[in-house]
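Work through the exercises below with the structure in view. Each task is followed by a solution in steps.

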Amino acid sequence: MARTVVIDPVTRIEGHAKITLQLDDDGHLVDSRFHVVEYRGFETFCEGRPFTEMAGITARICGICPVSHLLAAAKTGDKLLAVQIPAAALKLRRLLNLAQITQSHALSFFHLSSPDFLLGWESDPARRNLFGLMAADPELARAGIRLRQFGQQILELLGGRKIHAAWAVPGGVRSPLSAEARDWILARLPEAQATIRLALELHKRQLDGPLQQEQRLFGSFPSLFMGLVTPEGLWEHLDGQLRFRASDGTIVADGLREDDYASFLAEAVEPWSYLKFPYYRPLGYPDGMYRVGPLARLNVCDRIGTPWADRELAEFRQRSGQVAISSFAYHHARLVEIVACLEAIATLVEDPELMHGRVRCRASLNHHEAVGVSEAPRGTLFHHYRVDDDGLLTKVNLIIATGQNNLAMNRTVHQIARAYIPDPVPAGVEIPEALLNRLEAGIRCFDPCLSCSTHAAGQMPLAIRLVAADGRVLAERCRG
Amino acid sequence: MSVITLQVDGRDVAVPAGSTLLQAIRAAGLSVPTLCHLDGLDPVGACRLCLVEVEGSQRLLAACASEASEGQVIRTDTTQLQGYRRMAVELFFAEGNHVCAFCVANGQCELQDVAVAVGMDHSRFPYQYPQRSVDASHRHFSLDHNRCILCTRCVRVCDQIEGAHVWDVAERGSDCRIVAGLDQPWGEVEACTSCGKCVDVCPTGALYANEDTTAEKHPHPERAHQLRRAREHQQWLR
């Protein structure tokens, strides 16, 4: 008999995300879908605006990673102006992105995901959050919060504010780094490094112990991986070129330029989600599924290029394979990337060129179309603008990291549902808390933006529906 | 020079004959919010923010455009006036597309300042979201009609100080807008000397330099007064 089970309160759902599990006549699971049911429309309402505003406008897409949009928009603006920005500006932008990746990854690991690992999947949902972690392990929680603060503080030192600082602009950045800011970063680096060392040790112990099943069942499947690498094949987060690597280690495509993205990426649309489904064009849809983000960046690069991070990368590959295919390895990859970021920050702040005063070049519009790219914490981000003779936007296309992981997130949900719900599902079934939590955690491996906005206080708004072959909703659980 | 005396919010004040009520209010050490008014430009009384009560008068008067007279008793800060001022500011916001988050004038905007001053934290009127365009045809400057509050400072500074008279006001009601030349793209108006005074005096982000991005506008509304004083009194003061 059809029935609906509801968990109150549902006020924070706001259509952010929904999961449906589709059953056939015999109660067997045939499909699982991760729906994003919010529509924001940035691409449309930006049309008619001056391209110089895009950094400021698109940064507002996200409160966790505004820097990613800021940098992609500024880089697209550079190309429209046809300028090569001053060397100091280039380095300052890199410093900004490194700080951004550090703070976002720290948020994902410590605030959002570690409560599951440290407090247990079956623990009380009301306490399975950062506050529960603070009660259970106050030192670790404090260290994690301060690591995020380290990244956030660098953003403020550079841009004047932690969130939505419109500091990167077409042509460069607005202001150089002050000596006081550089000294602050240098003074706080050792603590940040100690925290990430502690987190890595802890997480590796868990991967070798209680989290082995999750590594097998949380989105472990072959796919392509895409990310930026330097021309030498090293880990890259802002410039460089794009590379696709397959799960067997083959480099499928290399040296790709963001300007040509339409030749190797295409986007499919499904009627049940507002999130588009990008895929690798030569393999078609949905075979062209690829993953982006920390896992992909570690998989596509040959090495990172700094000593500590390279040692961690080697260990990561020993543990998860030369190409790690489990989405659960995103968590470990995030920690390795924080090491890479801290080493790169240490090198950058010692660079005297960072303090040079000339950080912005001025020019008029010189091109009508441009594509900019940056590696957001969650993966590769493309901004594509077309403008008229006056610099007003006539076409905007944004390909966002979370979207590029859409196919893989759906696959992950299906894999987890298949592993944890009974087969067939008996009549009158209750969706157990453990499944709800694991599905949530499966999505959280990818650290999608929809979890950023509401999950930090405890839980990601999530609705799960069990749908029979005739479309009847057999069971539904909502949490928000 | 003859002097008149009047009372503003209980304070006696003496000002030269011919002064406006706004000058009398300031002479009394008080202030009222203004947007269209700018020292150095002729008053128009367009924004209605400087409305004051005058004892014995049924009408509220725009202080910037009303001449003070002997023995007047003025009130500038009654509950009624506070309500009207807040309503006027809410209507400015509801009538245009004012998105501070990425506006060039964010943090340097007189409309923003006035909203804070009158205690506006939201608009009680539905936002109209009008479809308006940006004129970015000028080599150095742009006009974003979405942010224009029709204060006409640009019209007056161009006419009264620069003498080029590039700007005018066209249409009526909600279609009312600033036009360049004979309603041409700004970049095609030969009369424009590209002096930038209109940008300097614009109280919002409606007029801005093309290279400015979010919160980068640095307006100079004081220049209208400086230029007028220099021209009329040969005093080149900053």
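**Exercise 1. Find the residue that follows helix α6 of chain B, and state the sign of its phi.**

Solution. Step 1: α6(B) covers residues 222-233, which is twelve residues; helices here are DSSP runs of H or I with at least four residues, strands are runs of E with at least two, and both are numbered from the N terminus. Step 2: the residue after α6(B) is B:Gln234, and its phi is positive, near 55°. Step 3: from first C-alpha to last, α6(B) reaches 16 Å, close to the 16 Å expected at 1.5 Å a residue (the expected span is 1.5 Å times one less than the number of residues).

The model is a predicted one, in which local features need pLDDT of at least 70 and side-chain atom pairs count only at pLDDT 80 or more, while totals for chains, interfaces and linings use all residues. Residues are numbered from 1 along each chain as its sequence is written, and chains are lettered from A and ligands numbered from 1 in the order in which they are written.

**Exercise 2. Describe the packing of α3(A) against α4(A).**

Solution. Step 1: two packed helices are described by the angle between their axes and the distance between the axes. Step 2: α4(A) spans residues 87-119, and α3(A) packs on α4(A) at about 155° with the axes 9 Å apart; axes are lines fitted to C-alpha atoms, for helices over the stretch in contact, and angles run from 0 to 180 degrees between N-to-C directions. Step 3: α3(A) is therefore roughly antiparallel to α4(A) (under 35 degrees is roughly parallel, over 145 roughly antiparallel, 65 to 115 roughly perpendicular, the rest oblique). Step 4: the crossing of the two helices is left-handed, that is, the near helix is turned anticlockwise from the far one by less than a right angle; clockwise would be right-handed. Step 5: α3(A) contributes A:Val67, A:Ser68 and A:Leu71, and α4(A) contributes A:Arg93, A:Leu96, A:Asn97 and A:Gln100; contact requires C-beta atoms, placed from the backbone, within 7 Å. Step 6: these residues divide into three nonpolar, three polar and one charged (Ala, Val, Leu, Ile, Met, Phe, Trp, Tyr, Cys and Pro are nonpolar, Asp, Glu, Lys and Arg charged, and the others, Gly among them, polar).

**Exercise 3. Which residue in the loop between α3 and α4 of chain A has a positive phi?**

Solution. Step 1: the loop between α3 and α4 of chain A holds A:Ala82. Step 2: the phi of A:Ala82 is positive, about 60°, although this residue is not a glycine.

**Exercise 4. Describe the packing of α11(A) and α12(A).**

Solution. Step 1: α11(A) (residues 307-320) and α12(A) (residues 329-349) pack at about 170°, their axes 8 Å apart. Step 2: this makes α11(A) roughly antiparallel to α12(A). Step 3: their crossing is left-handed. Step 4: among the contact residues are A:Trp308, A:Leu313 and A:Phe316 in α11(A), and A:Val336 and A:Val339 in α12(A). Step 5: the contact divides into nine nonpolar, two polar and two charged residues.

**Exercise 5. In what order do β11, β12 and β13 of chain A lie in their sheet?**

Solution. Step 1: the open sheet has the order β11-β12-β13 (chain A), with antiparallel pairing; strands pair if DSSP finds at least two bridges between them. Step 2: β11 (369-376) and β13 (393-399) of chain A are at the edges with a single partner strand each, so one side of each has no neighbour in the sheet. Step 3: neighbouring strands are turned by 15° against each other on average, direction ignored. Step 4: six bridges join β12(A), residues 379-387, to β13(A). Step 5: in β13(A), Leu398 of chain A stands opposite A:His383, and A:Ile399 stands opposite A:Phe382. Step 6: the hairpin of β12(A) and β13(A) has five residues between the strands, and A:Gly391 there takes a positive phi near 85°. Step 7: helix α3(A), residues 66-81, lies across β11 and β12 of chain A, at about 150° to β11(A).

**Exercise 6. How many residues does each chain give to the contact between chains A and B?**

Solution. Step 1: chain A gives 15 residues and chain B eleven residues. Step 2: on the side of chain A, the largest share, three residues, comes from α2(A), residues 54-59. Step 3: that side divides into six nonpolar, four polar and five charged residues.

Terms used: Contact = placed C-beta atoms within 7 Å.
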